[in-house]
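Trainee: Could you take me closely through how one strand is paired with its neighbours, and then carry the same kind of reading on to other parts of the model? I would like one connected account that I can follow residue by residue.

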Amino acid sequence: MAAIHISQDVFNKYHTNGKLRLSSGYIQETLEKQAYPGHDGIVQILKGKEDSGESMGHPFTYRMRVCDGVFQYNTLVSADIDDQTKREAEHLVEGAIIAITNLTVFNQGNGVKTSLLITGYKLLSRYHSIMSAPELKTRGHTGNPDEHRGYRPSVVVEDSWPEAESFHTDIRENMSNPPAAKAQKRESGGEASHNRAAAPEPQRARPNPPPARRGPSNTERGVMPIAMITPYVNGFKINGTITRKEEIRSFPAKNTKVFNFEITDSNGDTIRCVAFNELAESLYSTITENLSYFITNGQVRQANKRFNNTGHDYEINLRNDSIVEAGGDVVAAPKLHLKRISLGEIAGHCGEMIDVLAYVEKMDPEPTEFTSKAGKTLVKREMELIDESGAVVRLTLWGEEASKAPLEDYLHKVVAFKGVIPREFNGGYSLGTGFGSRVIAVPEISGVAELYEWYNTVKPTVDVKMISQTSGSSSEAPRTIAGLQEMQFGKDSEKGDYVSVKAMITRINPNNALYKGCSSEGCQKKVIESDGDFRCEKCNKTMRHFKWLYMMQFELSDETGQVYVTAFGDNATKVVGRTAAEVGELKEANPDEYNAVFEKLQFIPKMWRLRCKMETYNEEVRQKMTVFGVEEVNQDKYIENLKQLIEQMKSIEEDGGY
């Protein structure tokens with residue numbers, strides 16, 4: 001059998017630190033583009049045999065099943081390169097590694113699997129065991145590009161290159177004096193590098209440590225593994241790469257600032273570090289993600305597992321005598337590890353930090369900004385998730401996570417949510433992000449491909465169940481307004497009863513829909529105008545500005561009766577479809593357009609989510625209804641609910657109830 005000869009140019013083009021690394025995700029990328037993706041792909045041959053035929057008018061002479069380290073796929077080799085194929089046929093068998101330099105994609109449609117015709121390749125190596133990443137089992141690809149669209153795995157699947165052994169000496173010499181390397185991207189941001197392994201940044205490129213914490217160099221003494229950090233260790237020193245950096249949080253009421261970051265050592269163990277006030281500000285400007293640091297001294301305390309999902313039992317409070325300085329080897333970002341809870345089981349974990357892996361079925365196109373009951377401006381964005389349990393759960397992204405989340409990265413993708421918190425509300429369960437939560441689109445972990453397959457093949461045949469209370473509807477059948485009044489909903493509950501009603505707005509007074517409120521954060525008190533200024537009695541101060549706030553009262557009507565309801569804040573924004581600030585500008589600048597905004601809301605049937613509660617006013621008990629959500633009427637669901645009500649009424653009649 002003839003040997004495989006590798007030139008210096010071929011080695012330089014295809015090696016990664018002297019090894020052969022498979023092009024993970026190359027098959028998916030090719031199928032998405034329905035063409036040669038514009039770069040060579042290194043794959044391993046699983047099977048190969050001579051077989052002549054024709055596909056879409058193009059003759060072929062060889063078949064190969066190849067693997068890119070993640071997906072397997074059957075390919076054909078064009079008859080145009082038959083001379084090369086015959087010359088190297090003895091090598092094109094199980095275990096060989098080739099670089100695909102050109103190919104043609106044939107999408108035959110009508111349910112026929114897409115064909116890949118290799119029109120150019122380079123034989124690189126042979127006699128390898130079947131290669132795969134320990135954390136990700138390879139699987140066959142169906143040929144449907146939408147099944148894994150956007151999936152760009154960064155798993156490393158590589159092996160030695162014995163045919164290029166003569167070139168390895170130069171590589172080892174270069175690696176002993178490595179050049180500055182670009183830091184790899186974090187797992188939540190994108191793909192890790194597929195090229196050279198990250199090397200330490202030169203000293204000149206590292207940020208200088210804060211002068212107040214300078215001390216003897218950490219490199220002069222030994223380093224302790226992060227896993228060994230406990231409150232009983234004195235004078236510790238750790239070294240690792242910053243794998244997560246959070247924003248500084250301010251707590252005005254306590255006059256406190258907090259900065260958290262996470263550091264991971266070469267063993268893959270991670271611990272959270274916390275700094276306060278001036279130290280927080282100084283370190284925030286110093287710490288850089290994906291760079292390596294030494295940290296000496298600090299107070300080790302028990303980690304609060306509700307807000308800390310590093311997996312470590314402890315965290316480090318940095319003090320003024322703590323030393324933080326750049327240095328040491330840059331380690332790769334730790335592999336994502338999920339302690340996965342299925343969506344169908346979140347009810348048993350309310351208030352805890354949990355990890356889920358789910359398919360994102362729906363997602364708000366844009367984030368929503370609203371004012372909370374405390375007067376704070378908040379930003380949120382909602383998703384609907386599903387997994388193999390068949391449970392559909394609503395998840396809310398908050399703050400920066402909601403603002404920066406790209407729709408195309410999450411919608412119709414499998415996404416990992418680490419450190420999210422289940423909540424219970426009126427019998428429904430939902431998830432929300434918080435400080436320390438991480439959202440990773442299409443992560444490189446087991447279960448992703450299986451979930452894609454379940455969604456595409458099994459999910460259409462199963463009955464799914466929404467276990468979250470949506471904003472404008474619920475799982476129970478809608479009520480009538482007369483029924484709510486006659487049955488005195490809310491009388492047996494201090495918090496009130498939540499119900500759904502199909503009704504329309506039949507009367508609304510635009511003049512009373514808005515009011516001028518205090519501009520201070522957290523305050524919604526109505527201000528008193530005086531000589532162009534605005535005074536808040538609650539805050540005991542006079543301001544030059546105010547903010548528009550909703551306090552809407554309007555009449556809802558259905559076939560059985562009418563009732564006045566109240567809507568505030570975010571829920572009022574949903575009713576109107578515009579923020580209070582936007583509508584307030586119209587009130588002053590264009591009264592006719594302002595009135596038209598509210599006129600358009602009338603006589604349109606909607607599904608309303610109401611809270612019914614009994615309140616005492618002047619020694620008189622009254623039923624008060626407040627809007628907690630509104631959405632368009634799902635006619636199919638509404639009809640189904642009516643059918644259920646009819647069946648219930650029939651059963652009551654049969655039992656002698658009428």
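Mentor: Let us start at Ile421, which stands opposite Gly432 in strand S23. This is a predicted model, and what follows should be read in that light. The pair belongs to the ladder between strand S22 (residues 414-425) and S23, which pair in the antiparallel sense over 5 bridges. S23, which spans residues 428-432, also pairs with strand S21 (residues 391-398), here in the parallel sense and over 3 bridges. In that parallel ladder, Ser430 of S23 is the bridge partner of Arg394. S23 therefore takes part in both of the arrangements that are possible in general, since strands of a sheet pair through backbone hydrogen bonds, either parallel or antiparallel.

Strand S6 (residues 97-106) can be read in the same way. Strand S3 (residues 41-55) pairs with S6 in the antiparallel sense over 4 bridges, and within S6 it is Ala99 that serves as the bridge partner of Ile42. S6 also pairs with strand S7 (residues 115-125), again in the antiparallel sense, over 9 bridges, with Phe106 standing opposite Ser115 in S7. As for its surroundings, S6 is mostly covered, 7 of its 10 residues being buried.

A further case is an open sheet of 3 strands, in the order S28-S29-S30 and with antiparallel pairing. Its edges are strand S28 (528-530) and strand S30 (541-543), each of which pairs on one side only, and the twist from one strand to the next averages 35°. S28 is joined to strand S29 (residues 533-536) by 3 bridges, the two running antiparallel, and Ser530 stands opposite Asp533 in S29.

Strands also come into the packing of helix H5 (residues 277-286), in which Leu279, Ala280, Leu283 and Thr286 are buried. These four cover an arc of only 130° around the axis, which means that they lie on the same side of H5. Glu278 and Ser285, on the other side of H5, are exposed. The buried residues of H5 pack against strand S12 (256-264), strand S13 (270-276), strand S14 (292-296) and strand S17 (323-326).

For a single residue within a strand, consider Cys612, which is placed in strand S33 (residues 606-617). Cys612 counts as buried because its relative accessibility is 0%, the cut-off for that class being under 20%. Leaving aside residues up to four places away in sequence, Cys612 touches Leu484, Phe489, Gly490, Gly496, Asp497, Val499, Gln623, Lys624 and Met625. Cys612 and Val565, 47 residues apart in sequence, are 9.6 Å apart in space, taken from C-alpha to C-alpha.

Finally, a pair of helices: helix H11 (residues 580-589) and helix H12 (residues 591-599) pack at an angle of about 135°, with their axes 6 Å apart. H11 is therefore oblique to H12. The contact is made by Val583, Leu586, Lys587 and Ala589 in H11, which meet Pro591, Glu593, Tyr594, Val597 and Phe598 in H12. Sorted by class, this contact of H11 with H12 has 7 nonpolar, no polar and 2 charged residues.

Notes:
Residues are numbered from 1 along each chain as its sequence is written. This is a predicted model: local features need pLDDT of at least 70, side-chain atom pairs count only at pLDDT 80 or more; totals for chains, interfaces and linings use all residues. Side-chain values use heavy atoms; hydrogens and water are left out. Axes are lines fitted to C-alpha atoms, for helices over the stretch in contact, and angles run from 0 to 180 degrees between N-to-C directions. Angles under 35 degrees count as roughly parallel, over 145 as roughly antiparallel, 65 to 115 as roughly perpendicular and the rest as oblique. Contact means heavy atoms within 4.5 Å. Ala, Val, Leu, Ile, Met, Phe, Trp, Tyr, Cys and Pro count as nonpolar, Asp, Glu, Lys and Arg as charged, and the others, Gly among them, as polar. Two strands pair if DSSP finds at least two bridges between them. Buried means under 20% relative accessible area, exposed over 50%, partly exposed in between (1.4 Å probe, protein chains only). The arc is that of the directions from the helix axis to the C-beta atoms.
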